[in-house]
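Reader: I am new to reading protein structures. Please take me through this one and show me how each label is earned.

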Amino acid sequence: ELVVAADGRFSTVRECAGLTLVERGVPIDVLWLRVPRDAGDPAPALGHFRNGKMMVMINRGEYWQCGVIISKGGFGDIQRWGLAAFRDYVASIAPFLQGRLDGLAHWDDVKLLTVQINRLRRWFQPGLLCIGDSAHAMSPAGGVGVNLAIQDAVAAANVLAEKLLLGTVTPADLEKVQRRREWPVRATQAVQSFIHRKMIGGPAAALPLPVRLLRTCPPLRRLPARMIGLGLRPEHVQTPEQPAP
């Protein structure tokens, strides 16, 4: 028998198993909120930078899903400002939203995401395999956490399906899943940590060289698009449609 822990970044299964997490320091949290969208709004962009402030904006059709980047643990200070001051803060990042922020009537309309980047030293033990956020919590930078989780699941199925049918899953098989998926996780987390340090946690001065190159050389934009959309190691289903009995 095999338990696959896919119960998220606060995994109960992982905690009960006593598996060890390695934490990477993250200097930010994110406040998520919704703002009505107008047809005349600027074209969708990944985010808005202004005066050292940053907000992610995702086009959800009738509304913008906005993620305001704040300092780690800073939500309490922002609440002490009051909602009116917070609405002004959001409008200072994306001025075209001015006049549409009155819908933020209560702090319940603002959801705190405590950002974490971590991973397990070992994703498995006999009879247990962790995948997705239970094995490696990702930053929301790039929105790639769900991609990596699904790729973990596909890789696990490819490695383990036949073994499960035969009842012969061993710790070596579980380790094979970790070996295949650990490199893209580590590399993606390194990129996310770079983004935090250079673009979010640092001063509002010049953007880092890689970002400036992306702005001035459109063909290079395919690289981050591929990384976000497909990941560093895409997985493809390789299990048989009709498994042997």
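Reader: Which residues of α3 are buried?

Author: This is a predicted model. In it, the buried residues of α3 are Leu83, Phe86, Arg87, Tyr89, Val90, Ala91 and Ile93.

Reader: What covers the buried residues of α3?

Author: The cover includes β3, β4, β5, β6 and α2.

Reader: What does α3 give to the largest nonpolar core?

Author: Five residues, and α3 gives the most. That core has 21 residues. The elements that give two or more residues to it are β3 (28-36), β5 (53-59), β6, α2 and α3.

Reader: Which members of the largest nonpolar core touch the most other members?

Author: Leu31, Met55, Cys66, Val68, Phe86 and Leu97.

Reader: What is phenylalanine 86 in contact with, leaving aside its neighbours within four places in sequence?

Author: Phenylalanine 86 is in contact with Leu31, Leu33, Val68, Ile78, Trp81, Leu104, Trp107 and Val110. Phe86 also belongs to an aromatic cluster, with Phe75 and Trp107.

Reader: Which residues does the second, separate core include?

Author: That core has 19 residues, including Trp123, Leu128, Leu129 and Ile131.

Reader: How many aromatic pairs does the structure hold?

Author: Four. One of them joins tryptophan 64 and phenylalanine 96.

Reader: What makes the pair of tryptophan 64 and phenylalanine 96 edge-to-face?

Author: Start with distance. The centres are 6.4 Å apart, and the limit for a pair is 6.5 Å. Then take the angle. The planes stand at 70°, and edge-to-face needs over 60 degrees. The pair meets both tests, so it is an edge-to-face pair.

Reader: Where do tryptophan 64 and phenylalanine 96 lie in the chain?

Author: Tryptophan 64 is in strand β6 (residues 63-71). Phenylalanine 96 is in the loop between α3 (83-93) and β7 (111-113). They are 32 residues apart, and the pair links distant parts of the chain.

Reader: Why is tryptophan 64 called buried?

Author: The relative accessible area of tryptophan 64 is 2%. Buried means under 20%. Therefore tryptophan 64 is buried.

Reader: Why does phenylalanine 96 count as partly exposed?

Author: The relative accessibility of phenylalanine 96 is 23%. Buried is under 20% and exposed is over 50%. Phenylalanine 96 falls in between, so partly exposed is the label.

Reader: Why is the pair of phenylalanine 75 and tryptophan 107 edge-to-face?

Author: The ring centres are 5.8 Å apart and the planes meet at 80°. The angle is over 60 degrees, so the pair is edge-to-face. Phenylalanine 75 lies in helix α2 (residues 75-81) and tryptophan 107 in the loop between α3 and β7, so the pair ties together parts 32 residues apart in sequence.

Reader: How do you know that arginine 37 lies over the face of tryptophan 64?

Author: Arginine 37 is 5.6 Å from the ring centre. The distance limit is 6 Å, and there is also an angle test, within 35 degrees of the ring normal. Arginine 37 is listed as lying over the face. Arginine 122 lies over the face of phenylalanine 124 too, at 4.8 Å from the ring centre.

Reader: Which side chain makes a polar contact with the side chain of tryptophan 64?

Author: That of aspartate 41, at 2.8 Å. The limit for a polar contact is 3.5 Å. Aspartate 41 sits in the loop between β3 and β4 (47-50). A polar atom of its side chain also lies 3.0 Å from the backbone nitrogen of aspartate 38.

Reader: Is aspartate 41 buried or exposed?

Author: Aspartate 41 has 11% relative accessibility. That is under 20%, so aspartate 41 counts as buried.

Reader: What about asparagine 51: buried or exposed?

Author: Asparagine 51 has 67% relative accessibility. That is over 50%, so asparagine 51 counts as exposed. It lies in the loop between β4 and β5.

Reader: How many disulfides does a search of the whole structure find?

Author: Zero. A disulfide needs two cysteine sulfur atoms within 2.5 Å. Cysteine 66 is buried, at 0% relative accessible area. Cysteine 130 is buried, also at 0%.

Definitions and conventions
Residues are numbered from 1 along each chain as its sequence is written. Side-chain values use heavy atoms; hydrogens and water are left out. Buried means under 20% relative accessible area, exposed over 50%, partly exposed in between (1.4 Å probe, protein chains only). Rings of Phe, Tyr and Trp (its six-membered ring) pair if their centres lie within 6.5 Å; planes under 30 degrees apart count as stacked, over 60 as edge-to-face and the rest as tilted. Helices (H or I, at least four residues) and strands (E, at least two) are DSSP runs, numbered from the N terminus. A nonpolar core is a set of buried Ala, Val, Leu, Ile, Met, Phe, Trp, Tyr and Cys residues joined through side-chain atoms within 4.5 Å. Contact means heavy atoms within 4.5 Å. A polar contact is a pair of N or O atoms within 3.5 Å; within protein, one must be able to donate a hydrogen and the other to accept it, and residues adjacent in sequence count only if both atoms are side-chain atoms.
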